[in-house]
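Here are a few exercises to work through with the model open on your screen. Try each task before reading the solution under it.

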Amino acid sequence: MNELVDRFMVAGDNTTPSLYFLPFNSGNGGHWVLIDMDLSRLMVYYLDSLPGDWSKYPSMKKTVDAEILKFRSKKNYRNRKDITWVRVQCL
């Protein structure tokens, strides 16, 4: 996952909204979830075709949160705002 932070670092200042897309395999029979990260707003949107919330995938949330915080630390961002997770309804 260090590659993820490295990609964030070269992508610019991340003070304007831009989305980074990350596919995540839940390990539950090959189920995939799509994660969209807005680093400027500390928002993570995830698209999951199965019902439920992010708590079904604790390792996903832990990993993504850690990488976002690591990136913000490297950029010396002082904003202590919590990372907000939003489930996007898939139809």
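Buried means under 20% relative accessible area, exposed means over 50%, and partly exposed covers what is in between. Keep in mind that this is a predicted model.

**Exercise 1. Sort the two partners of the K70 and E67 salt bridge: is each one buried, partly exposed or exposed?**

Step 1. Find the bridge: the side chains of K70 and E67 meet with N and O 3.3 Å apart.

Step 2. Place it. Both residues sit in helix 2, three residues apart, which is about one turn of the helix.

Step 3. Apply the cut-offs. K70 has a relative accessible area of 31%, so K70 is partly exposed. E67 comes in at 7%, so E67 counts as buried.

**Exercise 2. Work out how many salt bridges the structure holds, then look at the burial of D38 and D48.**

Step 1. The count is four.

Step 2. Take D38, which bridges to R41 with the closest N and O atoms 3.6 Å apart. D38 is at 4% relative accessibility and therefore buried, while R41 is at 43% and therefore partly exposed.

Step 3. Now take D48, whose partner is K56, with 3.5 Å between the closest N and O atoms. D48 has 1% relative accessibility, so it counts as buried. K56 has 33%, so it is partly exposed.

**Exercise 3. Split the side chains of strand 1 by face: which ones are buried?**

Step 1. Start from the general rule: in a regular strand the side chains alternate between the two faces of the sheet.

Step 2. Check strand 1 against it. Y20, L22 and F24 point to one face and are buried. L19, F21, P23 and N25 point to the other face and are not buried.

Step 3. Add the neighbour. Strand 1 pairs with strand 2 in the antiparallel sense, over seven bridges. Within this pairing, N25 stands opposite W32 of strand 2.

**Exercise 4. Map the largest nonpolar core: which element gives the most residues to it?**

Step 1. Pick out the residues that touch the most other members. Of the 17 in the core, these are I35, M37, V44, M60, V64, I68 and W85.

Step 2. List the elements that give two or more residues: strand 1 (19-25), strand 2 (32-38), strand 3 (43-47) and helix 2 (58-74). Helix 2 gives the most, with four residues.

Step 3. Zoom in on M60. Setting aside neighbours within four places in sequence, M60 is in contact with F24, V33, I35, W54 and W85.

**Exercise 5. Find the aromatic pair and say why it counts as tilted.**

Step 1. The structure holds one aromatic pair.

Step 2. The partners are Y46 and W85, with ring centres 5.9 Å apart and planes at 55 degrees, so the pair is tilted.

Step 3. Y46 belongs to strand 3 and W85 to strand 4 (residues 84-88), so the pair ties together parts 39 residues apart in sequence.

Step 4. Check burial: Y46 is buried at 1% relative accessibility, and W85 is buried at 11%.

**Exercise 6. Look at the backbone of L42: what is its phi, and where does L42 lie?**

Step 1. Recall the background: most residues other than glycine have a negative phi.

Step 2. L42 is not a glycine, yet its phi is positive, at about 55 degrees.

Step 3. L42 lies in the loop between strand 2 and strand 3. With 2% relative accessibility, L42 counts as buried.

Terms used:
Residues are numbered from 1 along each chain as its sequence is written. This is a predicted model: local features need pLDDT of at least 70, side-chain atom pairs count only at pLDDT 80 or more; totals for chains, interfaces and linings use all residues. Side-chain values use heavy atoms; hydrogens and water are left out. A nonpolar core is a set of buried Ala, Val, Leu, Ile, Met, Phe, Trp, Tyr and Cys residues joined through side-chain atoms within 4.5 Å. Buried means under 20% relative accessible area, exposed over 50%, partly exposed in between (1.4 Å probe, protein chains only). Contact means heavy atoms within 4.5 Å. Two strands pair if DSSP finds at least two bridges between them. Rings of Phe, Tyr and Trp (its six-membered ring) pair if their centres lie within 6.5 Å; planes under 30 degrees apart count as stacked, over 60 as edge-to-face and the rest as tilted.
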